[in-house]
Amino acid sequence: MPPRLRATTAARLIALLVCLSPALLAPCRGVNEQGQALLRWKGPARGALDSSWLAADATPCRWQGVGCDARGNVVSLSIKSVDLGGTLPAGPELRPLSSSLKTLVLSGTNLTGAIPKELGNLAELTTLDLSKNQLSGAIPPELCRAAG
Ligand SMILES: *[C@@H]1O[C@H](CO)[C@@H](O)[C@H](O)[C@H]1NC(C)=O
């Protein structure tokens, strides 16, 4: 085998091993499931978060407003006085976060629309602050489950 060919074969093999190694899998695959859920909610419209909410990160833990526990699960989303616009995250978007999210603070972020009853599915939620927005409609009774 010519040496050059052998070198590229070795490089390919190393690249393959890097992608197969669980510890290094994240850079090949992009952000984890909770991060993907947050990105789906953010959508292309919320440009105010673009500089730190990077799909290439392994976890969303260093994104603006995101807090994680020691195992890298998202426990808080806390954004205040940033012009996000749009609506609140609804049920399906937040399902991947429901086992860990304890704090949801989106205060003064120019959110509109109704408060989705699916927020009640966030089983661990203890703190919810949606003040200073243009939300409409009633507070869904499902949210009392989260508080209780
Ligand atoms: C919310 O929207 C209004 C009107 O577009 C704007 O004046 C205000 O600065 C926005 N709020 C924030 C926190 O950027």
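User: Two strands pair if DSSP finds at least two bridges between them; strands (E, at least two residues) and helices (H or I, at least four) are DSSP runs numbered from the N terminus. Which residue in β3 is the bridge partner of Leu 77?

Analyst: This is a predicted model: local features need pLDDT of at least 70, side-chain atom pairs count only at pLDDT 80 or more, and totals for chains, interfaces and linings use all residues. Residues are numbered from 1 along each chain as its sequence is written, and side-chain values use heavy atoms, with hydrogens and water left out. β2 (residues 74-80) and β3 (residues 103-107) pair in the parallel sense over 5 bridges. In β3, the partner of Leu 77 is Leu 104.

User: What angle does the direction of helix α3 make with that of β2?

Analyst: Helix α3 (residues 33-42) packs on the sheet and touches β1, β2 and β3, contact being heavy atoms within 4.5 Å. Axes are lines fitted to C-alpha atoms, for helices over the stretch in contact, and angles run from 0 to 180 degrees between N-to-C directions. The angle with β2 is about 25 degrees.

User: How many residues of the shell around the ligand are charged?

Analyst: Ser 81, Asp 83, Gly 108 and Asn 110 surround the ligand, each with a heavy atom within 4 Å of it. Asp counts as charged, and Gly among the polar residues. The shell holds no nonpolar residues, 3 polar and, as charged, 1.
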